[in-house]
Amino acid sequence: MRIQGILSGVAAAACALTACTTGSPAPTASSSASLDYVALGDSAASGPRIPNQVGAPGCQQSDSNYPHVLAEELAVASFVDVTCSGAITENIVSTPQATSSGDVPVQLDALSADTDLVTITIGGNDIGLVSTAVGCLTFTASSATNVCKDRLTAGGVDTVAAAIAEKAPNWGAMLDAVTERAPDARILVVGYGTYLPDGGCFPTQPMLPEDADYIQGSITAMNEALKTQADEHGAEFVDTEALSVGHDVCVAPDQRYFEGVIPQNPAAPLHPTAAGMAGIGDAVAEAVRAG
């Protein structure tokens, strides 16, 4: 999710598995070693600040992110990781991404007719979830001074839900573009996790209960839209919300799959930790093997 330009102590809110079957045969444990695998996506996949950082510096990509975990678990034949912090859907399909270390190519360029497996995590930056979460932070335990949810749903219009509805067709078009570039690939859309528990944990994390529930509810709504697009465009959806319950930003640092506003692990705020990436990678590997 988008890191650049956001307060240093804050970042975007970036799953048991569910998967929708497609016509593509599922790789088995014995066949996975022949897979050519490409990973696409934003910082929920790239792993900013998790050691060791590799690739284009501006993409803040870790060699312990879930694509690397998955590639190792499956012992794939080839692996290309073009995930990049700050990516939006257009950076996957049509527009080179500007980063602090220069432009990086359109992520779709990493695909070919030989690609067998694709994972994609995208959407959070498309709907402005970073700025929404930042706007909900408060150090005052009174909704009278922070009416984040009320403001975002004023007049009966949920602005985040409206943004999801507007962007969802773009996610479907992206999946069609991936299929066109890699027609024989199995495509897995990996969703965003449970960053916040019910009611949050103010003041440990500076967000009031109603706002924490609104933000996590918006993440759930985005995941539902991503799953719908995957179902309708021949891809599979991997749910990471259920997987990460009990591993949110409010639990002990050694139990977290996602970091809080002030990180206690080497990870970006409100982004996956190394443990989170390992858990997600293991779960996606299980989905690939299970078909």
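Reader: Where is Asp 150 found, and what makes that stretch a helix?

Author: Asp 150 sits in helix H5, residues 148-152. Helices are DSSP runs of H or I with at least four residues, numbered from the N terminus. This is a predicted model, where local features need pLDDT of at least 70, side-chain atom pairs count only at pLDDT 80 or more, and totals for chains, interfaces and linings use all residues. Residues are numbered from 1 along each chain as its sequence is written, and side-chain values use heavy atoms, leaving out hydrogens and water.

Reader: Why is Asp 150 called exposed or buried?

Author: Happy to explain! Buried means under 20% relative accessible area, exposed over 50%, and partly exposed in between (1.4 Å probe, protein chains only). Asp 150 has 52%, so the word is exposed.

Reader: How do you know that Cys 59 and Cys 84 form a disulfide?

Author: A disulfide is a pair of cysteine sulfur atoms within 2.5 Å. The sulfur atoms of Cys 59 and Cys 84 are 2.0 Å apart, so the pair qualifies. Cys 59 lies in the loop between strand S2 (53-54) and strand S3 (61-62), and Cys 84 in the loop between strand S4 (78-81) and helix H3 (89-93), so the link ties together parts 25 residues apart in sequence. A strand is a DSSP run of E with at least two residues.

Reader: Why is Cys 84 called buried?

Author: Its relative accessible area is 1%, so Cys 84 falls under the limit for buried. Cys 59, with 6%, is buried too.

Reader: How many disulfides does a search of the whole structure find?

Author: The search finds three. Another one of them joins Cys 201 and Cys 250, with sulfur atoms 2.0 Å apart.
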